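Student: I would like to learn how to read the arrangement of chains in a model. Please take me through one.

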There are 2 protein chains.
Amino acid sequence: MRGGFVGVDWGTSSFRLWVMRRDGAVLGESHGPEGMAHCAETGFAPVLARHLAQVQAPDDLPILICGMAGARQGWAEAPYADLPAPVSALACRALRLPPELVQGLGGHRDIRILPGLARRDPAHPDVMRGEETQLLGLAGPGHQGLVCMPGTHCKWAVLQGGAVMSFHSAMTGELFDLLARHSILRHTMPDKGGSVDPGSPAFLRALDRALPDPAQAVAGLFGIRAGHLLGFADPSDSRAHLSGLLIGADVGLALRGDAASRGRVTLIGQPGPGPLYAAALARAGARVNHVDAETASRCGLLAAALEIWSFR
Amino acid sequence: MRGGFVGVDWGTSSFRLWVMRRDGAVLGESHGPEGMAHCAETGFAPVLARHLAQVQAPDDLPILICGMAGARQGWAEAPYADLPAPVSALACRALRLPPELVQGLGGHRDIRILPGLARRDPAHPDVMRGEETQLLGLAGPGHQGLVCMPGTHCKWAVLQGGAVMSFHSAMTGELFDLLARHSILRHTMPDKGGSVDPGSPAFLRALDRALPDPAQAVAGLFGIRAGHLLGFADPSDSRAHLSGLLIGADVGLALRGDAASRGRVTLIGQPGPGPLYAAALARAGARVNHVDAETASRCGLLAAALEIWSFR
């Protein structure tokens, strides 16, 4: 890598591309909705080519991709790396795409996809794709402690000495969506599209119930409906109530299982769930170190690119 | 009530009618799929008239209805009775339908709808409609202890001296359905329609994980997907795994909250979830007293009818 490289965060439902210099400066960027789900039907190479043209990226820049493009149902499967996973393990396991897959992208272009991470514990199996690059982005050699990455499937990782030691996924975001849109609770939610205010009393009340006793959160779900029928609850509070129960249970359980780093949590937040998790962590008494998710992805891609293309 | 009465269990998606003598003998019965959801569009009286004709019920028999027909969106709202609720409280709160609602059903026919039960605790609000009649059916004056009524929303009630003292609802059945059909876990479930075998190792393993630590069950959901991706799990086990996690959490939490009657639980079971809850309760070390749900409904309707029409 002389002048720089192109980094791509290719998720299930989003695409983000940056042209970066080796010092991390961003020379161009392009975002779009063409995630893996979309490209599995239309093809990956044309989407990438379109975004490269958009930023007028030079033909000889190598490209490093993270995320769902490397899943089995993605562009090409980049097999999972195992725990514990230091930065160097991820970078050197990157999959270089064969020429037949990169047609239309400029001859022998060097395009690689970073692997996801697997926790191969038969009792607690888990996988991530994309979040490992965010971890890589914040993991200086000395970084350690609990990291929270909210999303459809919230990931909680434990870092030590710059390596990922363990992690688990909670289906919190997907559960919220299923319950709010498809369950009996939908009848209590007239304002379908509204986002939840992390400071609202209904959200905080639900957190206070779920944080100290995560099991009670699931048992409390039907109460959202019943409280509505009995006139105890304002329908405009229902989404905040549901969100507080689910996020409170998620955070309460993660903190319970992590006595070592209790009190210090790195939150890789994105708009939407980020501020809600920040409120829950603060409510639980944690000191939160905030990191922006997009910045973390970009820094992770840079760290891996430096490993791959400028051998030290 | 001289010769007898007609009892109806009118649920959200089912209709069951019995012609009964005062000694409980069943002289005729008729079942159908015309639950509240169906009748809210087509009307309730015609459905009832059709089933009455089916069993050739005499025109002068009074009719007692329990279940969702008495909900706000049902035939006529029978307001909830409050806790603690002895049998007599339910019977005397039955709502008699006004003449304008019973046209086409034989003049001044005496038709009543039993109320549901409400737990008016602002911190733990809850409601039931239909299950209170099953409780009534098994509640001799001396009946006490924990009662489990599995279903879309599993109800757990605490009885004392023949009265319902408390209860709560768990959305276990609905959560199973949402997760199996609409979540990312659906990709691990090729055999969509199969029922879960309560003796299968995958179900029992999941119970063993969730029963002692209900909070872990929700955290373990994503593991169904990850175990599949990593080759640890057989897809044909996925439904059993999911069912075991959710039912295990439900049962574990209910038993945890009920130290008083631990060890003895009455299970009002129906085909489908009944045997799964029986297995979970046994796995948790409870001694289970089995009662058939349909029998309990019929006995409850009879007990209430005797209160209403043959004043002692």
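**Two chains and a helix**

Tutor: Start with symmetry. In this predicted model, chain B is superposed on chain A by a rotation of 180° with 0.0 Å of shift along its axis, at an RMSD of 0.0 Å. The two copies are thus related as by a two-fold rotation axis.

Student: Which residue of chain B comes closest to the rotation axis?

Tutor: That is B:Ala215, whose C-alpha is at 2.0 Å from the axis.

Student: How many residues of chain B are in contact with chain A?

Tutor: Contact here requires C-beta atoms within 7 Å. By that rule, 31 residues of chain B are in contact with 31 residues of chain A. At least two residues each come from β10 (126-128), β13 (163-170), α5 (172-182), α7 (214-219), α8 (222-229) and α9 (238-256) of chain B. The largest share, 5 residues, comes from α8(B).

Student: What kinds of residues make up the side of chain B that touches chain A?

Tutor: That side divides into 20 nonpolar, 8 polar and 3 charged residues.

Student: Why do the copies meet through the same surface?

Tutor: Compare the two lists of interface residues. Of the interface residues of chain B, 100% are also interface residues in chain A, so the copies meet through the same surface.

Student: Now a single helix. Is α4 of chain A mostly covered or mostly open?

Tutor: Count neighbours: a residue is buried if 20 or more other C-beta atoms lie within 10 Å of its own. Helix α4 (residues 131-138) of chain A is mostly covered, with 7 of its 8 residues buried.

Student: Which residues of α4(A) are buried?

Tutor: They are A:Glu131, A:Glu132, A:Thr133, A:Gln134, A:Leu135, A:Leu136 and A:Gly137.

Methods
Residues are numbered from 1 along each chain as its sequence is written. Chains are lettered from A and ligands numbered from 1 in the order in which they are written. This is a predicted model: local features need pLDDT of at least 70, side-chain atom pairs count only at pLDDT 80 or more; totals for chains, interfaces and linings use all residues. A residue is buried if 20 or more other C-beta atoms lie within 10 Å of its own, exposed if 12 or fewer, and partly exposed in between; C-beta atoms are placed from the backbone. Helices (H or I, at least four residues) and strands (E, at least two) are DSSP runs, numbered from the N terminus. Two residues are in contact if their C-beta atoms, placed from the backbone, lie within 7 Å. Ala, Val, Leu, Ile, Met, Phe, Trp, Tyr, Cys and Pro count as nonpolar, Asp, Glu, Lys and Arg as charged, and the others, Gly among them, as polar. Copies are superposed by least squares on the C-alpha atoms of residues with pLDDT of at least 70 in both.
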